[in-house]
Amino acid sequence: MSKKDSKFQVRFMSFAFQGKEIFKPLNTGFIDKRVSCIREYVANIYFYTKDGYTIMIDAGYNYDRLAEKMQWININPKDIKEILITHQDTDHVGAIEKGSDGLFSESIIYIGRIENEYLEGRKRRKVFWGLHKLPQVYIDNKKVLINDDQVFHIGNIKIEAFLVPGHSWGHLVYLIDDAYLFTGDTIWFGADGGYAFLNTLAEDRRLQIKSLKRLEEILRKRNLSLKIITGHTGWTDDIDFAFAHTDEICNSLRRKPKVHDPKAPYDGFDERYDTEANARNGFLDKC
């Protein structure tokens with residue numbers, strides 16, 4: 001199912017979003033010495049390395065070039081023992097779904113307790129204002145279920161999870177070592193800052209905005225020096241930029257509204273500039 005879904009998304013999403021200045025993923029490479037990423041079409045998956053140990057954040061599509069691109073950033077799939085999942089959409093779990101290539105079949109999956117209800121069939125993921133139900137996702141990996149505000153450790157890596165429902169009912173973001181926030185599909189970076197994620201893919205748009213405002217409040221109270229890293233756009237270390245428009249959602253149906261980014265490629269699925277040479281040539285620029 002995941003391979004079929006991934007190929008369908010490439011065809012459909014490429015057609016639907018061509019020229020709309022929406023998708024602006026990072027190319028494969030390094031954000032800094034601890035964080036690296038792989039571009040899979042319009043989505044990014046991330047790796048966090050500390051004291052020689054690496055964990056993975058989200059699992060992307062069921063992507064034919066994943067093992068190849070992991071070599072570009074010097075990571076062996078067999079070394080990935082733990083994967084943090086923000087939510088269960090197929091562009092974030094494809095590499096661990098049944099029917100995938102099995103690169104991470106032995107990895108332990110960390111996922112929200114509420115989000116797990118999709119995986120067990122107690123909830124159905126709906127998009128386009130509830131008009132379309134997505135196929136159920138099936139994952140055989142051992143799972144650890146995570147609650148809102150839970151703090152846990154993987155080796156020497158400190159991880160704190162925050163529940164941000166709206167895009168999906170159990171979506172989590174992960175704060176790692178009080179310095180890196182992996183937001184999945186919570187924040188969308190446009191040319192003038194962050195917005196709530198795409199309206200067409202939200203379970204509840206109002207709740208998504210409410211969750212984003214709560215997340216901002218939590219982070220600002222802590223006064224952390226953060227790198228805020230998104231699933232489909234880029235990253236920033238400017239919290240004001242990241243939360244510039246918490247009362248607005250990215251409307252993907254309008255052609256070039258202000259939330260869009262004129263630097264986004266015409267077709268986000270065009271990977272011609274995502275090369276090994278570029279991946280090894282310095283660090284990736286922020287938004």
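## Nonpolar cores

The largest nonpolar core (buried Ala, Val, Leu, Ile, Met, Phe, Trp, Tyr and Cys residues joined through side-chain atoms within 4.5 Å; buried is under 20% relative accessible area with a 1.4 Å probe, protein chains only) has 39 residues, and Phe47, Ile96 and Phe104 have the most contacts inside it. At least two residues of this core come from each of α1 (2–17), β3 (43–50), α2 (66–72) and β6 (108–112). Strand β3 gives the largest share, 3 residues. Helices (H or I, at least four residues) and strands (E, at least two) are DSSP runs, numbered from the N terminus.

The model is predicted, with pLDDT of at least 70 required for local features and 80 or more for side-chain atom pairs, while totals for chains, interfaces and linings use all residues. Residues are numbered from 1 along each chain as its sequence is written, and side-chain values use heavy atoms, without hydrogens and water.

Beyond its neighbours within four places in sequence, Phe104 is in contact (heavy atoms within 4.5 Å) with Met56, Leu66, Met70, Pro77, Ile80, Ile83, Ala95, Ile96 and Asn141. A second, separate core has 25 residues, among them Tyr46, Ile146, Phe152 and Trp235.

## Sheet and helix α5

An open sheet of 3 strands has the order β14-β15-β18 and mixed pairing; two strands pair if DSSP finds at least two bridges between them. Its edge strands, β14 (187–190) and β18 (245–249), each pair on one side only. From one strand to the next, the twist averages 45°.

Strand β15 (residues 193–196) runs parallel to β18, joined by 2 bridges. Ala196 is opposite Ile249 in β18.

Helix α5 (residues 205–222) lies across β14, β15 and β18, at about 165° to β18. Axes are lines fitted to C-alpha atoms, for helices over the stretch in contact, and angles run from 0 to 180 degrees between N-to-C directions.

Conventions. Buried < 20%, exposed > 50% of the residue type's maximum accessible area, 1.4 Å probe, protein only.
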